[in-house]
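Okay, thanks for coming, everyone. I'll keep this short and walk you through one chain, starting wide and then zooming in.

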Amino acid sequence: MNVGVAHSEVNPNTRVMNSRGMWLTYALGVGLLHIVLLSIPFFSVPVAWTLTNIIHNLGMYVFLHAVKGTPFETPDQGKARLLTHWEQLDYGVQFTSSRKFFTISPIILVLQIVPTSFSLYMNVLSPTHLPPGQALLSCFSQYFIHV
Amino acid sequence: MKEGRKEVPRLRMATATEQWVLVEMVQAVYEAPAYHLILEGILILWIIRLLFSKTYKLQERSDLTLKEKEELIEEWQPEPLVPPVSKDHPALNYNIISGPPSHNIVVNGKKCINFASFNFLGLLDNPRVKAAALASLKKYGVGTCGPRGFYGTFDVHLDLEDRLAQFMKTEEAIIYSYGFATIASAIPAYSKRGDIVFVDRAACFAIQKGLQASRSDIKIFNHNDMADLERLLKEQEIEDQKNPRKARVTRRFIVVEGLYMNTGTICPLPELVKLKYKYKARIFLEESLSFGVLGKHGRGLTEHYGINIDDIDLISANMENSLASIGGFCCGRSFVIDHQRLSGQGYCFSASLPPLLAAAAIEGLNIMEENPGIFAELKEKCRQIHKALQGISGLKVVGESLSPAFHLQLEESTGSREKDVNLLQKIVNLCMSRGIALTQARYLDKEEKWLPPPSIRVVVTVEQTEEELEKAASTIKAVAQEVLL
């Protein structure tokens, strides 16, 4: 089911995380959070990273594991009333792609794998000759180097 | 690897074209403390494990071996497609009625006085009602061919809803196209899994199906026993105090009928309203038999007792009894009724009421509003026949004196339900041969939760004269004497 289209899904919560573009939106949202935190002048970069992690994990905990039921009425007389969103995902099937994605995303965030691989690519694999369009992106990569 | 755990000495602000050296990265790895590297290594390994783990469902599957499957298939005996039924099953021996089931009914070719149809106000054969239905038939055709949300809403539907709301003095009313589906859709629209419904033991089949569809917790209290209900409510209160968070999200409902179809008794509404406010439950009142019967103007049980109608959260009735139309309605506050426009399954997913029946119901309401005297007349006739039928040998009258639909049960059961049913059927047949059309109260024996004892249901209508009532009483008495003694 894709969000915003007509569907016959009894409980849309089960399928929303599989919708088209949901993972990208999630990743971009986390990225936006990080950039906002980086823009606050008195947070240094490690503090901004720590805060990103904390806020992301808290948000994930509250929305996926603390709040129970659905925000809308479902035609199955409230079968999912006592289930958290995580338990509702994919009707309880374990280790589906969405579940793996959401399990791995906090780990990636804490290991800062994305910026590492990004700066690795930028600096090690194509070190000197940067194409013009990527010069702008490389301005950001300086923030990721703080050893 | 990237955090400056040491002080900042190597914070290099690189320029736009970076010359970041691979060697520095490797050096950073050497200088990082061991626990850090180990932790990160574990996390990376865990990512790899998660990426490659298989998807599985939570339910355990007990896979049978091939041999066990064969054994099960061998053992299985198929049930017959058509179960054996005795030849004198009532569904196979039905009476054929020619003409309308009005005051004089022609059953199997014999003219009888109708004491079986729920035509309390005689509106079934009323010429004004028929004229209104015919005019509507010429204007709109027969059916609506669509549910309310899909080109099935006509102005007569909206008119009827307005008229019913005005008549019952509530804010809004909603129409269903099938009387049984009215309460069976209304209950599951509000009560879901985890909610608690207190219901009377003598609730009719439609209420039972509504409760089953709602998947709520059902607590039954003895028929019209307010002490039993209070006990159940108190127990629930104690449970609630143990877990207040859960109690805050469970809804509690009390479902009662105004005039019970199975027993002909009236529910004690004033005490119920007191219990409602004491224990914070909501009342659903099913007024199928009491609408157009009780109260000075026929507004039902609330008028009969003089209770403010806003105290009752939902009143549901079907228009198939007093109003002599088809379908049903629910009325109450706008806030409550509006919810059913999207959640009432019978409203959203069934074709709407044919406009000619809606017009007939409107005309029926007009007649009810113009002659409020018929209700007192009906009550008088009920009282008369109740008195006349007391003291029949072998049969006892079950029902209140102002109930127009009451039951005659055997005083002493023979022990088997089948024999009782046959005995009562003999009485009914004999009465019919003498010109009084009666019927037994029929139930789906296997489906009813609390099966009432077999009985003959006698219905009093406004059209029956006093002589006819006397004749009926004496005929029943005589027949009972013959059959039971």
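**Chain B, from the outside in**

So, in chain B, if you take the contacts with a separation of 6 or more, 69% of them are between residues 24 or more positions apart. Keep in mind that this is a predicted model.

Now the overall form. We've got 17 helices and 15 strands in chain B. The radius of gyration is 33 Å, and the globule rule gives 23 Å for 485 residues, so chain B is more spread out than a compact globule. Along the principal axes, the C-alpha trace spans about 115 × 60 × 50 Å. Of the 485 residues, 49% count as buried. The accessible surface comes to about 25400 Å², with 58% of that belonging to carbon and sulfur atoms.

Let's zoom in on a sheet. It's an open one with four strands in chain B, in the order β1-β2-β3-β13, and the pairing is mixed. β1 (97-98) and β13 (436-437) of chain B are at the edges with a single partner strand each, so each has one side without a neighbour in the sheet. What joins β3 to β13 in chain B? Two bridges, and those two strands run parallel. B:N114, for example, has B:A437 in β13(B) as its bridge partner.

Last stop, helix α15 of chain B, residues 373-388. Its 16 residues reach 23 Å from first C-alpha to last, close to the 22 Å expected. Buried residues here include B:I374, B:F375, B:L378 and B:I385, but also B:K379 and B:K381. And what covers the buried residues of α15(B)? Among others, α14, β11, β12 and α17 of chain B.

Note on methods. Residues are numbered from 1 along each chain as its sequence is written. Chains are lettered from A and ligands numbered from 1 in the order in which they are written. This is a predicted model: local features need pLDDT of at least 70, side-chain atom pairs count only at pLDDT 80 or more; totals for chains, interfaces and linings use all residues. Side-chain values use heavy atoms; hydrogens and water are left out. Two strands pair if DSSP finds at least two bridges between them. The expected span of a helix is 1.5 Å times one less than its number of residues. Buried means under 20% relative accessible area, exposed over 50%, partly exposed in between (1.4 Å probe, protein chains only). Contact means heavy atoms within 4.5 Å. The radius of gyration is taken over C-alpha atoms; the globule rule is 2.2 Å times the number of residues to the power 0.38. Accessible areas come from the Shrake-Rupley method with a 1.4 Å probe; for residues, only the protein chains shown count as cover.
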